[in-house]
Amino acid sequence: MAGTLHIIGGGMAGLAAAVEAAGCGKHIILHEAGRACGGRARSYEDRQLGCRIDNGNHLLLSANKTVFRYLAMTGATDTLTGPGAPLFPFVDLKEEARWTLDLSRGKVPWWVFQPHKRVPDMRLVELRSLQKLMAATGDQTVADCLLPGAFSRRLLEPFAISALNTSCETGSAALLGAVVRESLSQGGNACLPWYAKDGLSESLVDPALAHLAIMQVEVRTQSRITALDCERGRVTALHTSEGVLPVMTEDAVILAVPAPVASSLLADRLPGFSAPDEFESILNLHFRLDQAPQPLGTFAQSGFMGLVGSIAEWVFLRNDILSVTVSAANRFATQDQDTLASTIWHDVRRACDPVLKTALPATPPHQRIVWEKRATFAATPAQNRLRPGPATALVNLALAGDWTATGLPATLEGAMRSGVQAVYTLGLRRPS
Ligand SMILES: Cc1cc2nc3c(=O)[nH]c(=O)nc-3n(C[C@H](O)[C@H](O)[C@H](O)COP(=O)(O)OP(=O)(O)OC[C@H]3O[C@@H](n4cnc5c(N)ncnc54)[C@H](O)[C@@H]3O)c2cc1C
């Protein structure tokens, strides 16, 4: 297969496309605008904290098949860590309750009949919410499908806001239903939580780049594509900061950039092109402690904890770094950051102190707030309808990115699936 495949964007969609296409016979060039690949899932040296951190905590489930395939292909499976069991410790700060969701491994949900394994105070009738989500139509929101009760408040609402990064009142029930179909409804073996042991780049980027180097894929960082030339239904040239790159008849292009960049590059080129144009932010607050806290019980086993009745939703522990995630964070954008940080620290202490060997300090330690302003598209029914598929009217151009029509919300799994689909769309590989 002669010619060159240009992949534009070195986030998870672009990297997954490159890993999938490597060895297909075309010369592959990956163009990444930034200094490093990884996009919205990356690690970096933080001067303020004096250590390496991730832009944000990322949680994977064993149901994320495309991610695990990518990790296996890049030799990075061992760089993840997790409890090795479908265990999710939770605390409800409003109602002062603590529990560990302990899912049964198989498809039959025995856990719902065992009070010490399920959500406290849940009623079995509330499980109908899961069916309603899985059967949801395009216009329904998550709130339309949730039956009131502890199962919704203590599990489905936090699950929804983390998976969709959008409130339950506006979030698409169909998108959450797709996640439920692939994870919870498949049983605990599909819900094993995993996260990067050392860092996102160490798991998702560096091993992939090493693999791509062996496969002779050319990775060009600081290479921003500023325009595409198109003629007679094909992309014919890419404009870069260095000059114009011709795209020959046997060449192909995968555009794996964020939605706003794709819109600006394609608006004049593809009449009727649409892409999501509303976004939600995610706030991550990283605290650097004087010494690594020593967690107890299932908090020690999992390394993270879910918080209900708090601004903070998840607390992750990695050595001396304690990181907090707040999803759908646009609602906090106008709040004073110091006040927000002290409110969160207050909640973190209440949540963690009872399950740590030594209590956390009363005053917030060194901290770094990372606001990802456009962390994901707003996963509403209306925005979901704007997502294009991988094929375009330009025969040698395919689209990828978590914002394309993957049927999933904006996640690592969705991003990687889109990259692989783009490769299939261009006929460079066949689905196995
Ligand atoms: C804080 C945070 C927490 C998250 N948590 C989770 C989680 O727990 N679980 C989960 O599954 N997902 C999570 N996500 C979502 C996940 O990170 C994204 O869905 C995924 O990384 C998106 O990958 P992408 O390749 O589609 O886009 P991007 O990561 O945005 O990649 C696009 C790339 O294109 C490059 N680029 C842009 N313009 C150009 C140009 N003109 N030329 C060349 N290159 C260009 C960019 O620099 C970037 O590297 C989280 C996201 C954030 C921000």
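1. From which domains does the lining of the largest cavity draw at least three residues each? The answer is domain 1 (4-35 + 221-277 + 379-425) and domain 2 (45-82 + 193-200 + 279-377). These domain bounds come from an automatic or database domain assignment.

2. Ground rules. This is a predicted model, in which local features need pLDDT of at least 70 and side-chain atom pairs count only at pLDDT 80 or more, while totals for chains, interfaces and linings use all residues. Residues are numbered from 1 along each chain as its sequence is written, and side-chain values use heavy atoms, with hydrogens and water left out.

3. Cavities overall. The structure holds two cavities of 30 Å³ or more. A cavity here is a set of points, on a 1 Å grid over the protein atoms alone, where a 1.4 Å probe fits but cannot get out; lining residues have an atom within 4 Å of a point. Grid points are joined across faces, edges and corners, and a volume is the space filled by probe spheres set on the points.

4. The largest cavity. Its volume is about 50 Å³. The lining consists of Ala 16, Val 19, Glu 20, Thr 66, Arg 69, Tyr 70, Met 73, Met 416 and Val 420. Helix H1 (12-21), helix H2 (65-73) and helix H12 (412-425) are the elements that give two or more residues to this lining. H2 supplies the largest share, four residues. Helices (H or I, at least four residues) and strands (E, at least two) are DSSP runs, numbered from the N terminus. By class, the lining of the largest cavity has six nonpolar, one polar and two charged residues. The classes are: Ala, Val, Leu, Ile, Met, Phe, Trp, Tyr, Cys and Pro nonpolar; Asp, Glu, Lys and Arg charged; the others, Gly among them, polar.

5. The second largest cavity. Its volume is about 30 Å³. Around it sit His 58, Leu 60, Leu 80, Tyr 195, Ala 196, Leu 200, Ser 203, Leu 204 and Leu 412. Two or more lining residues come from each of strand S9 (193-196) and helix H7 (200-214). H7 gives the most, with three residues. This lining has seven nonpolar, two polar and no charged residues.

6. Arg 69 and Glu 20. Both residues also line the largest cavity. Their side chains meet in a salt bridge (2.8 Å, N to O). Arg 69 lies in helix H2 and Glu 20 in helix H1, so the pair ties together parts that are 49 residues apart in sequence. A salt bridge is a side-chain nitrogen of Lys or Arg within 4 Å of a carboxyl oxygen of Asp or Glu. By this rule the count comes to 19 salt bridges. Arg 69 is partly exposed, at 32% relative accessible area. Glu 20 is buried, at 6%. Buried means under 20% relative accessible area, exposed over 50%, partly exposed in between (1.4 Å probe, protein chains only).

7. Arg 153 and Asp 92. This salt bridge has an N to O distance of 2.2 Å. The pair links distant parts of the chain, with Arg 153 in helix H5 (residues 150-164) and Asp 92 in strand S7 (residues 87-92), 61 residues apart. Arg 153 is partly exposed at 24% relative accessibility, whereas Asp 92 is buried at 0%. Both belong to a network of salt bridges that links Asp 92, Glu 95, Asp 121, Arg 153 and Arg 154.

8. Helix H12. Of its 14 residues, 11 are buried, so H12 is largely enclosed by the rest of the structure. Among the buried residues are Met 416 and Val 420, which also line the largest cavity. The end C-alpha atoms of H12 are 20 Å apart, which agrees with the expected span of 20 Å. That expectation is 1.5 Å times one less than the number of residues. Within H12, the side chains of Arg 417 and Glu 413 meet in a salt bridge (2.9 Å, N to O). The two are four residues apart, so about one helical turn separates them. Arg 417 is partly exposed at 23% relative accessible area; Glu 413 is buried at 2%.

9. Backbone points to check. Asn 165 is not a glycine, yet has a positive phi of about 55°. Asn 165 lies in the loop between H5 and helix H6 (173-182) and is buried, at 2% relative accessible area. Gln 216, also not a glycine, has a positive phi of about 60°. Gln 216 lies in the loop between H7 and strand S10 (218-220) and counts as exposed, at 65% relative accessibility.

Key: 1 Å grid on protein atoms, 1.4 Å probe; cavity = no way out; pocket = protein on both sides within 12 Å on 5 of 7 lines; lining within 4 Å.
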